[in-house]
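The following exercises are to be worked through with the sequence and the structure at hand. Each task is followed by a solution in steps.

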Amino acid sequence: MKQLRDRVDVSLADIATRVEAGERLSLEDGVRLYRTPHVHSLGALADAVRRRWHGDAAYYNVNRHINYTNFCVLRCKFCSFYRPYEKGAGNGAAGARLPIFGESEAPAKPDTYELSVDQMVARAREAHAAGATEVHIVGGLHPKLPFSYYIEMCAAIRDACPRIHIKAFTAIEIVHFTRISKPRLSIREVLEQLRAAGLGSLPGGGAEIFDDRVHDEAYKNKVGEQGWFDVHRTAHELGMFTNATMLYGHVERPEERIGHLIKLREHQDVSLRERAAHFNCCIPLSFVPEGSELASLPGPTGLDDLRTLAVSRLMLDNVPHIKAFWIMQSAKLAQVALRWGCDDMDGTVVYYDITKREGGSGNTHQELTVDRMQRLILEAGCVPVERDTLYRRVIRDEAGWRVEGEVGAVEAAVCSPV
Ligand code: V47
């Protein structure tokens with residue numbers, strides 16, 4: 001088999017040699033890779049690294065994303081999801097959705113919502129009945145919901161659907177919980193209480209780009225990198241696995257993307273060495289401008305997406321999985337990305353409120369069936385592997401689903417009675 005350096009353009013031969021030797025790439029290497037006109041060489045390098053980690057496997061999961069509220073006290077410029085909370089707004093919002101607070105009779109804006117614990121449980125039950133192994137729950141920073149709401153939500157979902165993994169709350173939400181808890185709790189205490197109530201792991205959201213300039217320009221009021229890392233460090237110390245994201249294609253520069261990846265890599269080095277858990281996966285999120293304050297920006301092109309995903313694979317030499325989240329990159333490009341360093345596409349999703357593409361149907365139904373996901377993966381020349389949240393292989397049969405190696409877990413399709 002030809003050596004990697006012989007398969008890439010000569011201008012990248014030195015990097016190829018280092019990649020082949022498993023050596024760490026520098027900021028300069030990352031920027032060179034990002035800027036290279038030899039995009040097939042970049043793809044080949046990332047593909048080689050993906051294969052070293054995972055062989056032919058490409059992962060997906062059967063999951064459901066659930067958002068509990070779009071009220072948010074932040075005003076991030078890139079975000080089209082949040083709705084400001086005006087006085088008297090939070091009493092049940094849109095149409096059929098039931099109130100959780102009876103504090104005001106004022107009609108809420110039609111596109112705002114906050115779901116009650118019962119409504120969250122109903123959605124989790126639906127997901128479970130459809131075979132989901134995971135619920136991915138995040139929401140805006142709601143100014144009125146008490147910390148007990150989040151604890152009750154986790155506990156009620158765990159009671160109703162004991163086998164479903166609850167992956168919930170970005171680091172930004174966790175910091176918010178420390179501020180609203182009475183008496184005020186530390187990050188560790190918040191995580192411990194949520195875990196005792198059923199929380200399984202943390203998703204990677206809210207990281208954006210770890211850079212002060214970008215932070216001040218696009219999400220000034222949001223918890224910065226220190227707060228984000230404090231939460232993930234504490235989670236890892238507690239033995240809770242987490243993911244990490246990078247929101248790219250808005251006001252940041254290529255150097256700032258690479259700097260972000262290097263900060264994740266440094267954190268992961270310490271977690272792998274000293275902590276009980278670490279990042280499982282990095283998810284580079286392609287900025288969707290529509291409906292946000294930054295709507296005049298063009299957003300990333302397809303090639304920018306592929307470059308960023310490939311460079312993420314190459315820079316993050318200590319993070320096992322790189323996910324092309326099909327909602328952001330599109331199903332078709334996520335498929336191509338499986339040959340550009342990515343080994344995961346996320347899951348069936350079903351509803352996704354945080355971003356909506358132009359020309360959408362108006363609701364937030366965005367679903368990829370298992371059949372379609374498997375077809376996309378197979379056509380990319382990979383072997384589809386259903387995984388659970390923690391990347392354990394899921395096996396399905398008439399009895400339901402179980403995780404490979406797990407003893408006695410067969411009642412998967414059984415949820416507690418409605
Ligand atoms: O935190 C917000 C980002 C994140 C936009 O951990 C936007 O497995 C693009 O974190 N364009 C939420 N992105 C999504 C997220 C995620 C998704 C899939 C899997 C996992 C995982 C995590 O979406 C937010 C924010 O960083 N976001 N607005 C936008 N206009």
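**Exercise 1. The interface between the domains**

How much area do domain 1 and domain 2 bury between them, and what percentage of it is on carbon and sulfur atoms?

Solution. The model under study is predicted.
Step 1. Locate the two parts: the domain assignment places domain 1 at residues 4–54 and domain 2 at residues 57–390 of the protein chain. Their C-alpha centres are 29 Å apart.
Step 2. Choose a quantity. The size of an interface is often expressed as the accessible area that is lost when the parts come together.
Step 3. Read off the value: about 2400 Å² is buried between domain 1 and domain 2, with 62% of it on carbon and sulfur atoms.
Step 4. Identify the leading contributors on one side. Arg24, Tyr34 and His54 account for 32% of the area that domain 1 buries against domain 2, more than any other three residues.

**Exercise 2. Contacts and charges across the interface**

Determine which residues and helices of domain 1 face domain 2, and how the polar and charged contacts are counted.

Solution.
Step 1. Count the residues in contact: 22 residues of domain 1 touch 31 residues of domain 2.
Step 2. Count the salt bridges. Side chains of opposite charge can pair when their charged atoms come close. Four salt bridges link domain 1 and domain 2.
Step 3. Examine a salt bridge in detail: the side chains of Arg24 and Asp317 meet at 2.8 Å, N to O. This distance satisfies the cut-off of 4 Å for a salt bridge.
Step 4. Add the polar contacts, which number eleven residue pairs between the two domains, both residues being at pLDDT 80 or more.
Step 5. Assign the side of domain 1 that touches domain 2 to helices. Both α2 (27–35) and α3 (39–54) supply at least two of its residues, and α3 gives the largest share, eleven residues.
Step 6. Classify that side of domain 1 by residue type: twelve residues are nonpolar, five are polar and five are charged.

**Exercise 3. A salt bridge within a helix**

Which helix holds both Asp47 and Arg50, and how many residues apart are they?

Solution.
Step 1. Both residues lie in α3, three residues apart, which is about one turn of the helix.
Step 2. Their side chains form a salt bridge at 3.4 Å, N to O.
Step 3. For the wider context, a search of the whole structure yields 31 salt bridges.

**Exercise 4. The surroundings of the ligand**

Which residues come nearest to the ligand?

Solution.
Step 1. Of the 24 residues around the ligand, the nearest are Lys167, Gly204, Gly206, Glu208 and Lys323.
Step 2. Consider the side chain of Lys323: one of its N or O atoms is 2.7 Å from an oxygen atom of the ligand.
Step 3. Turn to the backbone. An N or O atom of the Phe78 backbone lies 2.9 Å from a nitrogen atom of the ligand. For Val288, a backbone N or O atom is likewise 2.9 Å from a ligand nitrogen atom.

**Exercise 5. Backbone exceptions**

Where does the cis peptide bond between Lys182 and Pro183 lie, and which loop holds Ser330?

Solution.
Step 1. Recall the general rule: most residues other than glycine have a negative phi, and most peptide bonds are trans.
Step 2. The bond joining Lys182 and Pro183 is cis, with omega of about -5°. Pro183 belongs to the loop between α6 (171–180) and α7 (187–197).
Step 3. Ser330 is not a glycine, yet its phi is positive, about 85°. Ser330 sits in the loop between α12 (326–329) and α13 (331–337).

Key
Residues are numbered from 1 along each chain as its sequence is written. This is a predicted model: local features need pLDDT of at least 70, side-chain atom pairs count only at pLDDT 80 or more; totals for chains, interfaces and linings use all residues. Side-chain values use heavy atoms; hydrogens and water are left out. Domain bounds come from an automatic or database domain assignment. Contact means heavy atoms within 4.5 Å. Buried area is the accessible area (1.4 Å probe) that two parts lose on being put together, summed over both. A polar contact is a pair of N or O atoms within 3.5 Å; within protein, one must be able to donate a hydrogen and the other to accept it, and residues adjacent in sequence count only if both atoms are side-chain atoms. Helices (H or I, at least four residues) and strands (E, at least two) are DSSP runs, numbered from the N terminus. Ala, Val, Leu, Ile, Met, Phe, Trp, Tyr, Cys and Pro count as nonpolar, Asp, Glu, Lys and Arg as charged, and the others, Gly among them, as polar. A residue is near a molecule or strand if one of its heavy atoms lies within 4 Å of it.
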